[in-house]
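Work through the exercises below with the sequence and the model at hand, and try each task before you read its solution.

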Amino acid sequence: MSKHIKQYLGWLTPLAAIILASCSGSGSNTNNNGNANNGDASMLQILTPKIIYSRTASVSNGYVTIINPTATTIKNLSYSLNNSVGSGGSVSIDEASAANCTVIAANSQCNIKLNVAAGAVAGSLGFNASNNGSLLAKMLKSVQVDRVMQLPVGIEQAYYNSIAGADGITLSYYHKVIAGVPYILVSGIIASDKAGNLNKIVLVDIKGNQIPDQELI
């Protein structure tokens with residue numbers, strides 16, 4: 001992230017997440033898992049947070065976005081966590097959000113909420129999704145710790161400072177391209193009480209223009 005862009009990111013609230021997507025591409029609806037009634041779960045794409053910042057005395061939250069870029073509804077989805085390291089074992093999936101994402105309509109997305117126990121210090125974990133008991137190979141490749149090109153979810157204690165302005169805001173994100181469209185899931189925390197008065201969450205380009213198609217999770 002360039003210094004110029006970072007200077008415009010002064011409106012992040014604590015532990016907020018933003019997903020950027022200019023549009024959703026369409027994918028094949030071929031069913032490789034043989035679950036014709038449930039859709040082809042292997043076509044789903046996943047965006048994980050790079051870091052979920054933990055807090056000392058209260059539960060903190062992060063989000064995983066599941067994207068269905070196909071023209072077919074995908075059903076009967078379930079989610080789980082594994083490959084936990086350190087405080088990654090203190091993370092749980094919010095049941096209500098998981099239930100809300102058991103069905104993902106064509107060309108749409110759904111957000112899974114993760115809860116991090118108070119006092120978690122450092123660690124990581126993997127995020128899995130399955131359809132009729134069949135592990136989603138593409139998701140597994142993306143997020144498990146022991147895979148090539150992995151994107152593990154990191155857990156990190158929030159560290160605070162006294163830096164003024166936008167430099168007092170800590171940000172993290174992964175970048176992913178889905179069907180030719182770039183996506184980023186940004187998580188952040190206001191690390192300084194001198195960051196300024198914050199009342200708006202928006203990402204802008206180097207010229208200060210708001211980047212289109214932002215969604216506040």
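## Exercise 1: Strand 7 and its sheet

Thr 65 stands opposite Asn 111, a residue of strand 7. The model is predicted, so local features need pLDDT of at least 70 and side-chain atom pairs count only at pLDDT 80 or more, while totals for chains, interfaces and linings use all residues. Residues are numbered from 1 along each chain as its sequence is written, and side-chain values use heavy atoms, with hydrogens and water left out.

Task: find which strands pair with strand 7 (residues 108-116), and over how many bridges.

Solution. Begin with the terms: strands are DSSP runs of E with at least two residues, helices are runs of H or I with at least four, and both are numbered from the N terminus. Two strands pair if DSSP finds at least two bridges between them. Strand 4 (residues 60-68) pairs with strand 7 in the antiparallel sense over 9 bridges. Strand 6 (residues 91-93) is joined to strand 7 by 3 bridges, again antiparallel, and here Ser 92 has Asn 115 as its bridge partner.

Next, place these strands in their sheet, which is open and antiparallel and has 4 strands in the order 2-4-7-6. Strand 2 (45-47) and strand 6 are the edge strands, each pairing on one side only. Strand 2 runs antiparallel to strand 4 and is joined to it by 3 bridges, with Ile 46 opposite Ile 66.

## Exercise 2: The disulfide

Task: search the whole structure for disulfides, and state the handedness of what you find.

Solution. A disulfide is a pair of cysteine sulfur atoms within 2.5 Å. The search finds 1 disulfide, formed by Cys 101 and Cys 110 with their sulfur atoms 1.9 Å apart. The torsion about the S-S bond of Cys 101 and Cys 110 is about -80°, so this disulfide is left-handed. As a last step, check the surroundings: Cys 101 and Cys 110 are both buried, where buried means under 20% relative accessible area, exposed means over 50%, and partly exposed lies in between (1.4 Å probe, protein chains only).

## Exercise 3: Two positive phi values

Task: locate Asn 107 and Ala 179, and decide for each whether the residue is buried, partly exposed or exposed.

Solution. Most residues other than glycine have a negative phi. Asn 107, however, has a phi near 50°, and Asn 107 is found in the loop between helix 2 (95-100) and strand 7. With a relative accessible area of 39%, Asn 107 is partly exposed.

Ala 179 likewise has a positive phi, near 50°, and lies in the loop between strand 11 (169-178) and strand 12 (181-190). Its relative accessible area is 54%, and therefore Ala 179 counts as exposed.

## Exercise 4: Cores and covered strands

Task: name the residues that touch the most other members of the largest nonpolar core, and say which strand gives the most to this core.

Solution. A nonpolar core is a set of buried Ala, Val, Leu, Ile, Met, Phe, Trp, Tyr and Cys residues joined through side-chain atoms within 4.5 Å. The largest one has 24 residues, and Ile 66, Tyr 79, Ile 112, Leu 114 and Phe 127 touch the most other members. At least two residues each come from strand 4, strand 5 (77-86), strand 6, strand 7, strand 8 (122-131) and strand 10 (153-157). Strand 7 gives the most, with 4 residues. Apart from this core lies another, of 7 residues, including Ile 169 and Leu 203.

Now turn to strand 8, which is mostly covered, since 8 of its 10 residues are buried. Strand 8 is joined to strand 5 by 8 bridges and runs antiparallel to it, and strand 8 also pairs with strand 10 in the antiparallel sense over 4 bridges. Ser 124 is the bridge partner of Val 85, and Ser 124 also stands opposite Gly 154 in strand 10.

Finally, look at Gly 188 in strand 12, which at 0% relative accessibility counts as buried. Gly 188 and Ile 169 are 19 residues apart in sequence, and their C-alpha atoms are 7.0 Å apart in space.
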